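These are my notes from a session with one chain. I went through its cysteine links, its ring pairs and the burial of the residues involved.

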Amino acid sequence: MINTILIILTTFLSNSIASNQYFITQPKNTTAMAGTLVTLPCTVGNKQGTCQWTRDGLGLGVDIELAAYPRFTMSENSCDLQISPLLPSDEGVYQCQVSGGHGVAPISSAPVSLSVNSEPGQPYIVQAMEDGVMEVKEGEEVELQCESQGGRPPAEIQWWDGEGRRIVSDVTEHVRRMEDGKKFKTVSILKFKPSEGKQIKCSAHTDAFPNGKSSLPLMIEVIGHPKLEVKKLEDGDSVKILCDTKEDSNIKWSFNDIEITDETASILEIENFSKSYDKSKVKCLVKDENSEHYEVVKIVQLIHKPKSDTNPKTKLKIIKDNKKTSLSSRASKEITETNMNKKKTMFTCIVEEEVSAEPKYVWIDGKLRNITSGENVDATNQKKKYKCKVIPKGTKKISRMSKNMKKISKTMRKFSKTLSGMTSPIDDT
């Protein structure tokens, strides 16, 4: 009798354990990007009941296709919940539940949180909404405001000038939660006093979206200063820059604020542009007969556009206009041949910058020349033609030579005095 009772009890317990539902996989805390597909796993062993998910305590439904939530679906073979595309409004606390019945107990997973990262919205400069140009007086303080909405986590806004340099001085940033309570709005304010015309833009990014987005640029123009012109060039391109002036005006050109000597024509042609001169600035300076100083009347920035398999060297060429006299190609050839027949003299060209390596380019006769190590280069003035060799750290070397020559000269004078003292008694006898 006792044995019979034990057998019946054991069979009952075995059937009870076998009929219980249990979780094979359960959801866990998840962070995903907005716009992607996210799956919250929920696999049930010995499933007897019906699956249902809750969000923030509210049931989403028991059908595979959740009619009230068209972006939500449950898997046919499991209780997995899929959301696509994921939106910031989908954030919340989720729980997988399986109903019971017929002696089977219902089960529920541990509640988990779903967080959604949202890409920052396109940033924009408020002052550039109506017009992409702002005119200011010299010395006037400019205040610009850049906004980006919809980021989660909040976007970080950065300011940039037209040459790709970040502006970090006098910048303040404010963040506030948007009406939906999920996303954020970031506002950044930049204050500065422009001394010349420049281009300004802002960008927005987060750690989750490091590439970020950039605003449309705003052009700041200082009244009384020339506008910054931008010319985009590929490797090997040529471009002519015209400086409109009065007929009796004196003209000179500068390249990255270095004067191009002996160049006074009104047109500057850039031939065979290369990447090494990306973001360089060419300026035209003018002085009329009533002025004492040259005034910048034109600024052109050269921007490089990538182009494959070419790497030509860059040079500057002056095109003489009808106001200036010019040599014909034939006359120029005759002068070159005449100079070649004259006695050649070797000179040394000293690099102004004290660099340890030999330079790749030198200015010769108003042209930018590409040179190789140890190469002699030609230099001319209005009357003569010279051969030059570039010497790195030439200024220091010449200075040392000068000091050594002074020491030698001083020693020679002392030696001369000593020699005079030695020879004087002999002359007296």
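Is F72 buried or exposed? I looked this up before anything else, and F72 counts as buried at 1% relative accessibility. I note here that the model is predicted.

**Entry: aromatic pairs**

I then asked how many aromatic pairs the structure holds. I found two. In one of them Y69 sits with F72, and the ring centres are 5.5 Å apart. I read 40° between the planes of Y69 and F72, and the pair is tilted. For Y69 I noted 23% relative accessibility, which counts as partly exposed, whereas its partner F72 is buried.

I went on to the rings of F255 and Y277, whose centres are 5.3 Å apart. Their planes stand at 65°, so I put F255 and Y277 down as edge-to-face; the cut-off for that label is over 60 degrees. I placed F255 in strand β24 and Y277 in the loop between β26 (267–271) and β27, so this pair ties together parts that are 22 residues apart in sequence. I checked burial for both, and F255 and Y277 are each buried.

**Entry: a charge over a ring**

Which residue lies over the face of Y294? I found K252 there, at 4.3 Å from the ring centre.

**Entry: disulfides**

I counted four disulfides in the structure. With the bonded cysteines counted along the chain, I wrote the pattern down as 1-4, 2-3, 5-6, 7-8. I followed three of the links in detail, as below.

*C42 and C96.* I read 2.0 Å between the sulfur atoms of this disulfide. The angle about the S-S bond is -75°, and the link of C42 and C96 is left-handed. I located C42 in the loop between β3 (38–40) and β4 (43–45), and C96 in strand β9 (residues 92–98), so the disulfide ties together parts 54 residues apart in sequence. I looked up the accessibility of each cysteine. C42 is at 0% relative accessibility and counts as buried, and C96 is buried with a relative accessible area of 0%.

*C51 and C79.* I noted a sulfur-to-sulfur distance of 1.5 Å for this disulfide. C51 belongs to strand β5 (residues 51–55), while C79 is in the loop between β7 (72–74) and β8 (81–83). I recorded the two as 28 residues apart, a link between distant parts of the chain. C51 has a relative accessible area of 8% and is buried. I have C79 at 1% relative accessibility, which also counts as buried.

*C243 and C284.* I read S to S 1.8 Å for the disulfide that joins C243 to C284. This link is left-handed, with -85° about the S-S bond. Where do C243 and C284 lie? I found C243 in the loop between β23 (239–242) and β24 (250–255), and C284 in strand β27 (residues 280–287), so the pair ties together parts that are 41 residues apart in sequence. For burial I noted 2% relative accessibility at C243, which counts as buried. C284 counts as buried too, at 0%.

Terms used. Residues numbered from 1 in each chain as written. Predicted model: local features only at pLDDT ≥ 70, side-chain atom pairs only at ≥ 80, totals over all residues. Heavy atoms only, no water. Disulfide = S-S within 2.5 Å. Helix = DSSP H or I, 4+ residues; strand = E, 2+ residues; numbered from the N terminus. Buried < 20%, exposed > 50% of the residue type's maximum accessible area, 1.4 Å probe, protein only. Phe/Tyr/Trp six-rings, centres within 6.5 Å; stacked < 30°, edge-to-face > 60°. Lys NZ or Arg CZ within 6 Å of the ring centre and 35° of its normal.
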